[in-house]
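Reader: Please take me through one part of this model in detail. I would like a close look at the nonpolar core, set against the charges and the overall form.

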Amino acid sequence: MITKDALMARLKQLHNEEELAIPIYVKHLESTFFLSHIKPEVLEEIKSMLLTLAMESEVHARMFEAILKKVKESERDVY
């Protein structure tokens with residue numbers, strides 16, 4: 001069991017971690033130095049993976065926002 005306040009604190013932390021991850025993935029996607037010595041076929045695979053990670057992090061961040069809203073509006077205090 002977890003209190004509402006503790007749950008909200010953890011959800012906020014997870015949301016912040018997802019939000020922080022997105023720019024890191026995008027930065028690596030745009031970094032010519034990071035990707036400069038890699039074979040083109042491997043480079044495309046890496047770019048695809050980084051793009052997927054960035055998009056999934058955006059989805060996760062929105063999910064955490066929705067859950068936070070639901071918990072905040074709830075009258076329950078223990079989950």
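Author: Start with the charges. In this predicted model, the protein carries 11 positive and 14 negative side chains. The centres of the two sets lie 4 Å apart. The accessible surface comes to about 6,100 Å². Carbon and sulfur atoms hold 62% of that surface.

Now the frame around the core. The protein has three helices and zero strands. From the N terminus on, the order is α-α-α. The C-alpha trace spans about 55 × 20 × 15 Å along its principal axes. The radius of gyration is 17 Å, whereas a compact globule of 79 residues would have one near 12 Å. Of the 79 residues, 23% count as buried. Contacts with a separation of 6 or more are mostly long in sequence: 76% of them join residues 24 or more positions apart.

The core itself comes next. The largest nonpolar core has six residues. They are Leu-7, Met-8, Leu-11, Phe-64, Leu-68 and Val-71. Two helices, H1 (4-30) and H3 (40-73), each supply at least two residues of this core.

Take Leu-11, one of the six. Leave aside its neighbours within four places in sequence, and Leu-11 is in contact with Phe-64, Ile-67, Leu-68 and Val-71. Of these partners, Phe-64, Leu-68 and Val-71 are core members too.

Met-8 is another core residue. It sits in helix H1. Its relative accessible area is 12%, under the 20% cut-off, so Met-8 counts as buried. Again leaving aside neighbours within four places, Met-8 is in contact with Leu-68, Val-71 and Lys-72. Leu-68 and Val-71 thus appear in the contact lists of both Met-8 and Leu-11. Met-8 and Ser-57 are 49 residues apart in sequence, and their C-alpha atoms are 19 Å apart in space.

For contrast, look at Met-55. This methionine lies in helix H3. Its relative accessible area is 45%, between the 20% and 50% cut-offs, so Met-55 is partly exposed. Met-55 and Asp-5 are 50 residues apart in sequence. From C-alpha to C-alpha, the two are 29 Å apart in space.

So there are two methionines to compare on screen: Met-8 is buried because its relative accessible area is 12%, while Met-55, at 45%, is partly exposed.

Terms used:
Residues are numbered from 1 along each chain as its sequence is written. This is a predicted model: local features need pLDDT of at least 70, side-chain atom pairs count only at pLDDT 80 or more; totals for chains, interfaces and linings use all residues. Side-chain values use heavy atoms; hydrogens and water are left out. Helices (H or I, at least four residues) and strands (E, at least two) are DSSP runs, numbered from the N terminus. The radius of gyration is taken over C-alpha atoms; the globule rule is 2.2 Å times the number of residues to the power 0.38. Buried means under 20% relative accessible area, exposed over 50%, partly exposed in between (1.4 Å probe, protein chains only). Contact means heavy atoms within 4.5 Å. Accessible areas come from the Shrake-Rupley method with a 1.4 Å probe; for residues, only the protein chains shown count as cover. Lys and Arg count as positive and Asp and Glu as negative; His and the chain ends are not counted. The place of a charge is taken as NZ of Lys, CZ of Arg, CG of Asp or CD of Glu. A nonpolar core is a set of buried Ala, Val, Leu, Ile, Met, Phe, Trp, Tyr and Cys residues joined through side-chain atoms within 4.5 Å.
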